[in-house]
Amino acid sequence: MTALVRKLGLDPSLAFHDVYSLDDPSLLAFVPRPVHALLLVFPVTSTYENARREEDEPLPEYTGSGVNEE
């Protein structure tokens, strides 16, 4: 993925790295610092999608943006 985003203009000082745990300090030690973002990639099923829709249905649409965001 790093090669692709470099071709798209990502600064060469940035890169993607695999994260093998979110709570095991010995595995997190392999992640270079600083970390600017965490992208979660996982398979999505229709069961997951339905659960997300049900969970989000009662919530108002998010409209915040900019420096004055709450």
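**Entry on Thr-2.** I looked up Thr-2 to begin with, and I note that Thr-2 counts as buried because its relative accessibility is 17%, where buried means under 20%. The model I am reading is a predicted one, and I keep that in mind for each entry below. Thr-2 has its place in helix α1, which covers residues 2–7. When I set aside the neighbours within four places in sequence, I found Thr-2 in contact with Leu-14, Ala-15 and Phe-16. For Phe-16 there is also a polar atom to record, since a polar atom of the Thr-2 side chain lies 2.9 Å from the backbone nitrogen of Phe-16.

**Entry on the largest pocket.** I then asked which residues lie closest to the centre of the largest pocket. The volume of this pocket is about 790 Å³, and among the 22 residues that line it the closest to the centre are Ala-15, Phe-16, His-17, Ala-37 and Leu-38. Two of these names were already in my notes, as Ala-15 and Phe-16 are in contact with Thr-2. Sorting the lining by residue type, I wrote down 17 nonpolar residues, three polar ones and two charged ones.

**Entry on Ser-21.** Is Ser-21 buried or exposed? I found that Ser-21 counts as buried, with a relative accessibility of 12%, although its place is in the loop between α1 and α2. The side chain of Ser-21 has a polar atom 3.1 Å from the backbone nitrogen of Asp-23, and the side chain also reaches the backbone nitrogen of Asp-24, at 2.9 Å. Not counting residues up to four places away in sequence, Ser-21 touches Leu-27 and Leu-28. I also looked up the separation of Ser-21 from Asn-50, and the two are 29 residues apart in sequence and 27 Å apart in space, taken from C-alpha to C-alpha.

**Entry on Pro-34.** Most peptide bonds are trans. I therefore marked the bond that joins Arg-33 and Pro-34, which is cis, with omega at about 0 degrees. Pro-34 is found in the loop that runs between α2 (25–28) and α3 (46–56).

**Entry on the aromatic rings.** How many aromatic pairs does the structure hold? I found one aromatic pair. Its rings are those of Phe-42 and Tyr-48, whose centres are 5.5 Å apart and whose planes stand at 85 degrees, so I recorded the pair as edge-to-face, the term for planes over 60 degrees apart. Turning to accessibility, I noted that Phe-42 is partly exposed, with a relative accessible area of 42%, and that Tyr-48 also counts as partly exposed, at 33% relative accessibility.

Note on methods
Residues numbered from 1 in each chain as written. Predicted model: local features only at pLDDT ≥ 70, side-chain atom pairs only at ≥ 80, totals over all residues. Heavy atoms only, no water. Phe/Tyr/Trp six-rings, centres within 6.5 Å; stacked < 30°, edge-to-face > 60°. Buried < 20%, exposed > 50% of the residue type's maximum accessible area, 1.4 Å probe, protein only. 1 Å grid on protein atoms, 1.4 Å probe; cavity = no way out; pocket = protein on both sides within 12 Å on 5 of 7 lines; lining within 4 Å. Points joined across faces, edges and corners; volume = space filled by probe spheres on them. Nonpolar A, V, L, I, M, F, W, Y, C, P; charged D, E, K, R; others polar. Helix = DSSP H or I, 4+ residues; strand = E, 2+ residues; numbered from the N terminus. Polar contact = N/O pair within 3.5 Å; in protein donor to acceptor, adjacent residues only side chain to side chain. Contact = heavy atoms within 4.5 Å.
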